[in-house]
Amino acid sequence: MLLTKKPVTLAVSLALSTICNNAVAQSASMTTSSEPLMTVVVVGSEPADVDLNSVTLDAATLLPMRAATSDTATLLRDVPGISFYGAGGVSSLPVIRGLADDRLRTKVDGMDLIAACPNHMNPALSTIDPTRVDTVTVYAGVTPVSVGGDSIGGTLIVESATPQFAKPGKGLLTQGEAGAFYRSNGNAVGANASMTVANEKLSLSYTGSIAKSDNYKAGGDFKTSTATGRVGHTLPLDEVGSTAYESINQALDLALRNDIHLFDLKLGYQHIPHENFPNQRMDMTDNTSSQVNLGYTGEYEWGVLKARAYYEKTDHEMDFGDDKRFWYGTASGGNTAVDGVPCSPIGPACAAGMPMDTEGKTTGLSLNAELPLSRRDFLRVGAEYQAYRLDDWWTPSGAMMWPGTFWNINDGKRDRYALFGEWEAQISPQWMSLLGIRYETVDMDTGNVTGYAATNMMGSNQLTDSTNFNAQDHSKTDHNLDLTALARYSPDATQTYELGVAQKTRSPNLYERYTWSTWSMAAVMNNFVGDGNGYVGDINLKPEVARTLSLAADWHAAGEKPWGVRVAPYYTFVKDYIDAACNGASCPDGQFNVLKYVNQSALLYGVDVSGHVLAARTHGYGDFTASGLLNYVRGENRDTGDNLYNIMPLNAKLALTQQLGRWSNTLEGQFVAAKTDVSDVRNEIETAGYSLFNLRSSYQWKQVRVDVGIDNLFDKDYALPLGGAYLGQGTTMSINPPAGIFPQWGTAVPGMGRSIYAGVNYQI
Ligand SMILES: [Cu+2]
């Protein structure tokens with residue numbers, strides 16, 4: 001942890017803990033006889049310094065959420081300043097203070113992983129199952145350069161459990177756990193197991209999990225107006241199409257400890273047989289991620305040395321899932337006529353398949369040292385290298401998509417070389433400072449491309465576009481400089497103030513620079529944000545440079561009755577923010593259009609407020625803690641005056657938690673304002689305000705833990721503010737559907753209706 005030796009902010013973690021229905025008081029009893037499995041949050045301790053620019057969720061906080069979600073990103077749902085772009089069931093994209101996706105740095109067990117898909121269906125957090133996550137640290141404010149790089153927003157650090165070893169003289173350590181869950185909405189089921197065998201020097205662990213779900217149902221009276229069928233049966237009218245998924249994760253961890261040295265080798269393999277996307281024109285029909293991750297930590301007299309080498313390979317396939325194989329409704333062949341009939345041969349009612357393949361390879365090396373220079377000064381220095389290779393090709397499939405293979409990205413290359421230095425000083429008992437500088441070179445290139453055919457048939461412009469693209473020099477080198485300065489003042493045990501300024505830089509990704517086809521059918525397949533539009537890249541895009549001012553103040557109790565309040569305003573100006581502009585002569589309202597990526601300038605500002613208070617301490621009914629969160633963010637394009645896309649409207653959460661011995665019960669309310677500040681250029685859909693209520697309970701008895709809950713207690717029908725456009729049913733290749741056939745097509749994606757869940761976890 002930076003700036004503090006305490007792993008967790010008391011105030012924030014307590015607020016989170018109570019909202020997350022964490023049995024705070026129990027966490028101390030959940031450590032094992034070997035080395036601690038989880039960080040302990042102790043109620044009533046008074047940290048002299050409070051780390052305001054980061055939040056850490058420990059294993060005890062994360063455990064109750066396993067029953068409620070299979071989507072690792074949503075483990076962050078109670079962290080101030082966080083929201084989510086909706087995507088597939090295990091692939092949501094976290095947003096920190098209005099910035100998401102590649103604008104955030106995400107490290108999974110020290111690996112910088114990159115989504116290898118023109119829709120970013122396989123982002124870094126989707127490569128690890130929630131049941132394997134041991135801690136998550138979120139840097140929402142000014143991010144130290146030692147955990148940043150090639151990003152302009154915050155950083156997410158996700159770690160699986162640290163290796164366990166037997167205690168000296170205690171013989172072999174064997175431990176493990178098994179868990180299972182069921183969620184009523186979508187009939188989601190899952191299970192996980194882990195097993196560790198270790199002596200004092202060697203530790204071997206296996207972790208496996210599976211999670212699967214059918215389509216979920218929306219709340220209330222939501223009905224799709226046309227029951228476009230899926231292969232074999234009609235899609236029920238209250239189902240949200242293309243929301244089913246299945247994910248299987250396995251990992252083998254080997255660790256070797258000798259004196260001051262620790263080596264850890266993690267081998268991971270993920271298989272997603274299918275994951276459908278309600279806001280994309282394609283579904284993931286197969287995805288594998290293979291990972292080899294070797295780490296070294298040495299604790300020397302002069303400091304700590306860490307080294308890491310990793311390799312990750314993604315093989316990704318897309319096509320139309322079952323819900324996207326039929327036409328929208330009766331006008332184009334008819335659902336009624338084909339219901340129950342397999343979509344073969346391809347006829348007037350059925351869409352041809354459109355296979356799309358992506359292969360991504362990431363190789364990374366990092367070396368860094370943490371050096372205590374004196375009792376006052378602490379230095380971190382490091383070097384990082386990351387090489388990324390990407391191929392994205394679409395094989396012929398009939399209709400207009402033939403006779404050859406369409407090369408969307410051919411032999412894409414994106415290499416990063418980084419160096420950083422960071423100096424932390426405890427100037428006085430009250431004052432701390434952090435100064436950092438980071439330099440990165442980003443080298444990008446790609447080969448020549450071809451369309452399906454070397455013609456411009458039916459206005460596709462494939463030949464013209466590819467000829468223009470191939471005539472240009474594709475290689476680009478960016479020199480990026482990040483700077484951070486942070487000061488923290490803690491005048492006494494009840495208050496802390498933090499001020500941070502930073503410059504952060506992100507180079508465009510391969511899709512932003514190198515997608516080349518203006519053909520609407522191809523452009524709509526290049527879309528990270530699920531807004532229904534098509535996107536075209538620009539080789540000459542410049543890196544985004546963000547300058548941020550971030551403040552935070554924390555007041556908390558020093559006495560018997562715990563309470564805490566944290567207020568954190570921020571202001572970020574982004575030079576050369578990569579936004580979108582109309583690609584053609586005009587982009588009419590009320591329909592999807594082809595857009596191109598352009599550098600413009602953007603402004604984001606807002607405030608996160610969080611707090612908690614021990615409301616009552618009763619005899620017989622336990623302790624009652626109230627906690628709350630409020631997030632406000634505003635995003636503006638300063639060149640056009642337009643609003644930025646997918647900015648979460650004002651939202652708040654209030655929770656009341658009862659802690660009674662081994663029982664913990666939480667009633668939570670979530671309140672979201674209407675989204676009316678929408679992006680004009682993208683024809684972003686407005687969404688109505690809504691309130692959701694959730695109930696959660698947990699009970700821990702010896703090694704058994706049970707979590708039950710009801711999400712969306714009143715079965716509210718609501719639209720996801722950041723869920724994008726609903727493209728989950730019917731054929732999706734045409735940029736705009738025939739008018740009037742399927743009114744739900746292109747509206748906002750409905751949120752999940754009531755879901756009752758239960759999970760059990762047994763520790764061996
Ligand atoms: Cu994909």
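**Briefing: copper site, nonpolar patch and disulfide**

Leu202 lies in strand 11. This is a predicted model. A copper ion is held by Cys117, Met121, His316 and Met318, a nonpolar patch of about 810 Å² lies on the surface, and one disulfide is present.

**Nonpolar surface patch**

- Leu202 is partly exposed because its relative accessibility is 39%, between the limits of 20% and 50%.
- The patch that includes Leu202 also contains Leu204, Tyr206, Leu252, Leu254, Leu256, Phe263, Leu267, Val292 and Tyr311.
- At least two residues of the patch come from each of strand 11 (202-213), strand 14 (245-258) and strand 15 (261-275).

**The loop before strand 11**

- Asn199 sits in the loop between strand 10 (188-198) and strand 11.
- With a relative accessibility of 35%, Asn199 counts as partly exposed.
- Asn199 and Arg257 are separated by 58 residues in sequence, and their C-alpha atoms are 9.9 Å apart in space.

**Copper site**

- The copper ion is coordinated by the SG atom of Cys117, the SD atom of Met121, the NE2 atom of His316 and the SD atom of Met318, at 2.0 to 2.7 Å.
- Along the chain, the spacing of these donors is C-x3-M-x194-H-x1-M.
- Cys117 is in the loop between strand 6 (111-112) and strand 7 (133-139), while Met318 is in strand 17 (residues 303-319), so this pair ties together parts that lie 201 residues apart in sequence.
- The angles subtended by the four donor atoms run from 82 to 128 degrees, and the arrangement is therefore irregular. A tetrahedral assignment would need all angles between 85 and 135 degrees.
- Cys117 and Met318 are both buried. For Cys117 the relative accessibility is 0%, so this residue falls under the 20% limit for buried.

**Disulfide**

- The structure holds one disulfide, formed by Cys582 and Cys587 with their sulfur atoms 2.0 Å apart.
- The torsion about the S-S bond of Cys582 and Cys587 is about 90 degrees, so the disulfide is right-handed.
- Cys582 has a relative accessible area of 21% and is therefore partly exposed.
- Cys587, at 22% relative accessibility, also counts as partly exposed.

Key: Residues are numbered from 1 along each chain as its sequence is written. This is a predicted model: local features need pLDDT of at least 70, side-chain atom pairs count only at pLDDT 80 or more; totals for chains, interfaces and linings use all residues. Side-chain values use heavy atoms; hydrogens and water are left out. Donors are N, O and S atoms within 2.8 Å of the metal (3.2 Å for Na, K and Ca); water is not among the atoms, so sites may look incomplete. Four donors count as tetrahedral if all angles lie between 85 and 135 degrees; four count as square planar and six as octahedral if opposite donors are over 155 degrees apart and all others between 65 and 115; anything else is irregular. Helices (H or I, at least four residues) and strands (E, at least two) are DSSP runs, numbered from the N terminus. Buried means under 20% relative accessible area, exposed over 50%, partly exposed in between (1.4 Å probe, protein chains only). Patches are made of residues with over 30% relative accessible area and no salt bridge: like charges are joined within 9 Å, nonpolar side chains (Val, Leu, Ile, Met, Phe, Trp, Tyr) within 5 Å. Accessible areas come from the Shrake-Rupley method with a 1.4 Å probe; for residues, only the protein chains shown count as cover. A salt bridge is a side-chain nitrogen of Lys or Arg within 4 Å of a carboxyl oxygen of Asp or Glu. A disulfide is a pair of cysteine sulfur atoms within 2.5 Å.
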